[in-house]
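Reader: Could you take me through one part of this model up close? I'd like to hear about the nonpolar patch on the surface and what sits around it.

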Amino acid sequence: MSTTTATHEQATPTAAILLVFSAGFMFSCLDSNAKYLVLSGLPAPFISWVRFAVHVVLALLLFRSWANPGMFRVKNLPMQVLRGIFLFGSTIFNFAALKTLQLAETTSIYFFAPMVITALAGPLLGEWAGWRRWMAILAGFVGVLVITRPGVAAFQIGHVYAVCSTISYCLYVIMTRHMSATETPESLIFYSALAPALLMLPVGVYTAVLPADAFHWMILLLLGFFGGFGHWLLIKAYKQATTTALAPYPYLQMVWMIGFGYMIFGQLPDKWTLAGAGIIVASGLYIVHREHRLRLKNRTLLMSEDEDLAKKL
């Protein structure tokens, strides 16, 4: 019986994997275009605000808001707003980091997020990690140190921005876990864009530097499409497979990032970035593997208890 369960647990639909891989492509396009705009002289706060403003419009269209009033209903509006602020913080810090760091560097540090989420889930959600997962978290932190190398010439302010972006994203994910039981998926997607688009409107206007030509305008407006459509692809993927089953595949985004970094900016990650990324990915995959085994163990125990109860009845 446990063998059947394990086989079912490991069977990940190919369509779901392709959706996650496509989402990674969208997010890589988002970061690549944002880096191009930042290097062109557009301020990161303004770029971030436009990204969310376009995201709001796309959410209204994709979820057919005129026939879907559920996307506007919320149980806890202040929490929705705070969650949106964390997502905006993650985006603006990431765009600021891209001004000085390679795409592969920011992505590698971003991949530390699953470990940070595991650590924060204890005090914030009561989901405490065991010593094995804590060891994986520490190993992932070592990977971040290998990439940033604080105290040496390689350390830059961009590394600080990348770490702040990761922390903001982790708080966003923690809040998503907490709120997903009471809020609709459509409202979570919509308000995560609407809150920063409205609250950061003064910042966006104050820092606005309009693109110089139609090409830069097109890239700027596409940011909202890449971000919004990427999140929509993830929603579709997680409807077809579990979070644990799909957890390893976002790491494939590194392939897109290295490719775009070389084709657009002529940059290839150095040996330290690749080594640190390898440590972080290995640590993250271990946590995924650990969660998978615990889930199978718990399911087997529950099924055994049901069998014992059935025999007694």
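Author: Sure, and a definition comes first: a nonpolar patch is made of residues with over 30% relative accessible area and no salt bridge, with nonpolar side chains joined within 5 Å. Keep in mind that this is a predicted model.

So who is in the patch? Y36, F215, M218, Y262, M263, I264 and L268 make it up, and together they have about 740 Å² of accessible area. Helix α13 is the top contributor, giving 3 residues. Both α13 (253-265) and α11 (214-240) put in at least two residues each. Y36 comes from elsewhere: its place is in helix α2, residues 14-39. Y36 counts as partly exposed, because its relative accessibility is 30%.

Now stay with the neighbourhood of Y36 in sequence and look at L37. L37 belongs to the largest nonpolar core, which has 69 residues, and is one of those touching the most other members, along with I47, F95, L220, L223 and I280. Leaving out residues up to four places away in sequence, L37 touches L42, I47, H216, I219, L220 and L223.

L220 leads us on to F46, since the two touch. F46 is placed in helix α3 (residues 44-62), and with a relative accessibility of 5% it counts as buried. Again skipping residues up to four places away in sequence, the other contacts of F46 are G204, T207, A208, V209 and L210. Take A208 as an example: it lies 162 residues from F46 in sequence, yet their C-alphas are 5.3 Å apart in space.

Back on α11, there's a nice bit of aromatic packing. The structure holds 13 aromatic pairs. Among them is F225 with F229, a stacked pair with 5.3 Å centre to centre and 10 degrees between the planes. These two are separated by about one helical turn, because they are 4 residues apart in helix α11. Both side chains are partly exposed by the numbers: F225 has 32% relative accessibility, and F229 has 24%.

One last aromatic group is worth a look while you have the model open: F21, F25, W256 and F260 form one aromatic cluster. By residue number, F21 and F25 fall in α2, the helix that also holds Y36, while W256 and F260 fall in α13, the helix that gives the most to the patch.

Technical notes
Residues numbered from 1 in each chain as written. Predicted model: local features only at pLDDT ≥ 70, side-chain atom pairs only at ≥ 80, totals over all residues. Heavy atoms only, no water. Core = buried A, V, L, I, M, F, W, Y, C linked by side-chain atoms within 4.5 Å. Buried < 20%, exposed > 50% of the residue type's maximum accessible area, 1.4 Å probe, protein only. Contact = heavy atoms within 4.5 Å. Patch = residues over 30% accessible without salt bridge, like charges linked within 9 Å, V, L, I, M, F, W, Y side chains within 5 Å. Areas by Shrake-Rupley, 256 points an atom, 1.4 Å probe, with all protein chains shown as cover. Salt bridge = Lys/Arg side-chain N within 4 Å of Asp/Glu carboxyl O. Phe/Tyr/Trp six-rings, centres within 6.5 Å; stacked < 30°, edge-to-face > 60°.
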